[in-house]
Amino acid sequence: MDVIQVRGGRQLRGRVAVAGSKNGALPLLASALLCETPVTLARVPRLADVTSMLRVLRSLGMTWKRTGTGEVTLENGRPSSGAVPAELAGRLRASLCVLGPLLARGRSVRLPLPGGCRIGDRPVDLHLRGLAALGADLVLCGGIIRGRAAGRLRCARINLCGERGPTVTGTANVVCAAALARGTTHLIGAAQEPEIADLVAWLNACGARIAQVGSEIVIDGVECLAGGKHTILPDRIEAATLAIAAAITGGEVLLTELMPAQLDAVWTALQAMGVTVARQSNQVLIKRDGPLLPIRVAARPYPAFPTDVQAPLSSLTLLAAGSSVLRDEVFPERWGQVSALRKLGGRIATIPGGIVVRGSFGLRGAPVQARDLRSAGALVLAGLAAAGTTTVRGVTHLDRGYESLLEKLQTLGADVSRAPLLPTAITPIRPWRSGRMFTARDADPCAFGRHLAPRNGGSVW
Ligand code: EPZ
C-alpha cells in the first residue's frame with residue numbers, strides 16, 4: 001500500500017487538461033445495459049471506480065474492451081442471472097445505477113447495497129420509490145436489493161426530491177428505467193447536475209425521447225434503444241480541485257478542456273476569496289498573487305456550490321486572513337478532512353452541519369490519513385501549502401476518483417510522489433519549542449487548545 005509524499009512551498013505554474021468525468025462516466029456505462037447494439041464511450045477516465053463498474057457490468061453479461069486511449073466499447077452478451085457479487089457492488093456507490101437499466105430490459109436483479117465514500121447517511125429509498133412507481137417489484141432485505149419487472153415498465157408521475165434535495169444517481173436510475181417504459185413519465189424534483197444532462201443527451205442519441213427543463217424531466221418511453229458513440233463530459237470536480245491547487249500555492253495555472261459554465265458557483269467563491277479567474281471558451285486561467293480572504297459557503301445541489309468541492313475548498317480557507325464558514329446541506333456529516341487538517345495546523349471548529357475555519361496560521365507538514373475521495377484531494381492540496389513534508393495515507397481513495405492527479409500536479413511543478421508505506425514508520429518525536437518533548441496532544445493545536453478551553457465550552461481561540 002502506498003502513501004503520498006507532498007513537499008510544500010512550490011507555486012504551481014503551467015497548463016493542465018481536465019479528464020473525463022467520473023460521475024458522468026459511471027451512469028453512462030450502466031446505461032449501456034439498455035442498448036441493443038454496441039456502445040462506445042470516449043474520454044473514459046482511468047479510475048478505480050470505472051474499473052469496478054466495468055467488472056459489475058461483466059458480471060451482468062456485458063463484454064467490453066478498451067478500444068483506444070480513454071475509449072471503451074461495450075456490448076450486451078448473454079444476460080446473466082442479474083446477481084451482482086457483493087464484493088463488486090460494495091466497491092462503489094454507482095453500482096446502484098444498474099438497477100434502472102436492468103429493470104427496463106425486464107431482467108431480474110439481485111444487488112447488494114452499494115459502497116462508496118463514507119460521507120454520511122446514503123440511503124437508497126428514493127431510487128426504490130422511483131423505480132417501484134414505474135411498476136418494478138423491489139424488496140430491500142438483509143442488505144440486498146431484489147428487483148424484477150413483471151412485463152414492461154409503465155409510465156408514472158414521480159417526485160424524486162428527498163429531504164436533502166434531489167438524488168443524482170437516483171435520477172439517472174429512473175430516467176434509464178422510464179426510457180423504455182410504456183407511456184410518458186413525468187419526473188419532478190430531478191437532479192440538475194450536468195452529468196444528468198449528459199446522460200439525457202446520450203440516451204436521446206440512442207433513440208430515447210427525453211426532455212429536461214430544470215428539475216423536471218419528461219420521458220416518452222420507446223420500444224428499444226440502439227447503441228452508438230458518446231464523449232463523456234469533462235470532470236468539473238477535478239477541474240475545481242486543480243483550480244484550488246493553483247490558488248493554494250499562489251500560482252498561475254491554465255485549465256483546459258473543461259466546461260467553465262458548469263462551475264459558476266466555484267468561480268464565484270474563488271473570486272470572493274481574492275483569486276483571479278479568467279474564463280475563455282473551454283479554458284480557465286486561475287491566478288493568485290495576493291492575500292486570501294475568508295468566505296462563507298453552503299454546499300447545495302447544482303447549480304449551487306458542489307458538495308464534492310467542499311473539502312478541497314476547506315483546505316484553501318486555512319490560508320485566508322480571517323474566519324470562514326463552510327456548510328454542507330447535501331451531506332451534513334461530510335467532514336472527514338477536518339481532523340487531518342487540524343494535524344497540519346488548521347484551526348477548525350465544528351458547528352451543526354458545518355465548520356468554522358480560522359485561517360492564516362500557517363500549515364506544517366505531518367503524517368495524515370485520508371478518509372474518503374474528496375478528503376484525500378483536500379489533504380494533498382493542504383500539503384502543497386504546508387511547510388515541510390506531508391505524508392497522506394489512503395491513496396486508494398484518491399485513485400478511485402482523480403485520474404493521474406499526482407502526475408498532473410507534478411507537471412505543474414509540485415513536489416509530490418508516491419512512496420511505499422514503511423511498515424515501521426514512526427512519527428519522529430521532535431523537541432518542543434520550550435525544550436519539553438513534543439507529544440501527540442500538541443500535534444493537534446485545537447486538541448491542545450481544547451485542553452485549555454474556557455470552562456463555559458467557548459471557542460478555543
Ligand atoms: C452523487 O452521489 C455523486 N456520486 C457524489 O459524488 C455527489 O457527492 C452526490 O451525487 C451529490 O452531488 C456519483 O455520481 C457516483 P445523491 P449520489 O443521491 O447520487 C440523499 C464523489 O465524491 N438521498 O445525489 O449517491 C443523500 O443522503 C461522490 O464523486 C436520499 O435521501 O448522491 C444525500 O443527502 C461522493 N435517498 C442527497 O440525497 C436516496 O435514495 C444527495 O444524494 C438517495 C439519496
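## Exercises: reading a predicted fold

Glu329 has a relative accessibility of 35%, so it counts as partly exposed. The cut-offs are these: buried is under 20% relative accessible area, exposed is over 50%, and partly exposed lies in between (1.4 Å probe, protein chains only).

The model is predicted: local features need pLDDT of at least 70, side-chain atom pairs count only at pLDDT 80 or more, and totals for chains, interfaces and linings use all residues. Residues are numbered from 1 along each chain as its sequence is written, and side-chain values use heavy atoms, without hydrogens or water.

**Exercise 1. Find the salt-bridge partner of Arg300, and say where both residues lie.**

*Step 1.* Recall the rule: a salt bridge puts a side-chain nitrogen of Lys or Arg within 4 Å of a carboxyl oxygen of Asp or Glu.

*Step 2.* Arg300 meets this rule with Glu329, and their closest N and O atoms are 2.8 Å apart.

*Step 3.* Arg300 sits in the loop between S17 and helix H10 (310–317), while Glu329 sits in the loop between strand S18 (323–328) and helix H11 (338–343). The two are 29 residues apart, so this pair links distant parts of the chain. Helices (H or I, at least four residues) and strands (E, at least two) are DSSP runs, numbered from the N terminus.

*Step 4.* Check the cover. Arg300 has a relative accessible area of 41%, so it is partly exposed.

**Exercise 2. Are Asp308 and Arg334 buried or exposed? Describe their contact too.**

*Step 1.* Their side chains meet in a salt bridge of 2.7 Å, N to O.

*Step 2.* Asp308 belongs to the loop between S17 and H10, and Arg334 to the loop between S18 and H11, so the pair ties together parts that are 26 residues apart in sequence.

*Step 3.* Asp308 is at 15% relative accessibility and counts as buried. Arg334 is at 6% and is buried.

*Step 4.* Now look for salt bridges that share partners. They join Asp2, Asp399 and Arg418 into one network.

**Exercise 3. Which two helices does the salt bridge of Lys22 tie together?**

*Step 1.* The partner of Lys22 is Asp49, with the closest N and O atoms 4.0 Å apart.

*Step 2.* Lys22 is in helix H1 (residues 22–31) and Asp49 in helix H2 (residues 48–59), so the bridge ties together parts that are 27 residues apart in sequence.

*Step 3.* Lys22 and Asp49 are both buried.

*Step 4.* For the wider picture, the whole structure holds 19 salt bridges.

**Exercise 4. Name the strands that pair with S14, and give the sense of each pairing.**

*Step 1.* Use the rule that two strands pair if DSSP finds at least two bridges between them.

*Step 2.* Strand S2 (residues 13–17) pairs with S14 in the parallel sense, over 5 bridges. Here Arg13 has Glu252 of S14 as its bridge partner.

*Step 3.* Strand S16 (residues 283–287) pairs with S14 in the antiparallel sense, over 5 bridges. Here Val253 has Ile286 of S16 as its bridge partner.

*Step 4.* S14 covers residues 252–256, and 4 of its 5 residues are buried, so the rest of the structure largely encloses it.

**Exercise 5. How many bridges join S7 to S8, and which residue in their hairpin has a positive phi?**

*Step 1.* Strand S7 (residues 136–141) and strand S8 (residues 144–149) run antiparallel and are joined by 6 bridges.

*Step 2.* Pick one pair: Ala136 stands opposite Ala149 in S8.

*Step 3.* The hairpin has 2 residues between the strands, and Gly142 takes a positive phi near 60°.

**Exercise 6. Locate Arg43 and Ser360, which have a positive phi although neither is a glycine.**

*Step 1.* Arg43 has a phi of about 65°. It lies in the loop between strand S3 (39–42) and H2. Its relative accessible area is 23%, so Arg43 is partly exposed.

*Step 2.* Ser360 has a phi of about 60°. It lies in the loop between strand S20 (354–358) and strand S21 (367–369). Its relative accessible area is 46%, so Ser360 is partly exposed.

**Exercise 7. Where is Pro303, and what is the form of the peptide bond that leads to it from Tyr302?**

*Step 1.* Pro303 is in the loop between S17 and H10.

*Step 2.* The bond from Tyr302 to Pro303 is cis, and its omega is near 15°.

**Exercise 8. Is Asp289 buried or exposed, and what separates it from Met62?**

*Step 1.* Asp289 is found in the loop between S16 and strand S17 (296–299).

*Step 2.* Its relative accessibility is 65%, so Asp289 counts as exposed.

*Step 3.* Asp289 and Met62 are 227 residues apart in sequence and 51 Å apart in space, C-alpha to C-alpha.
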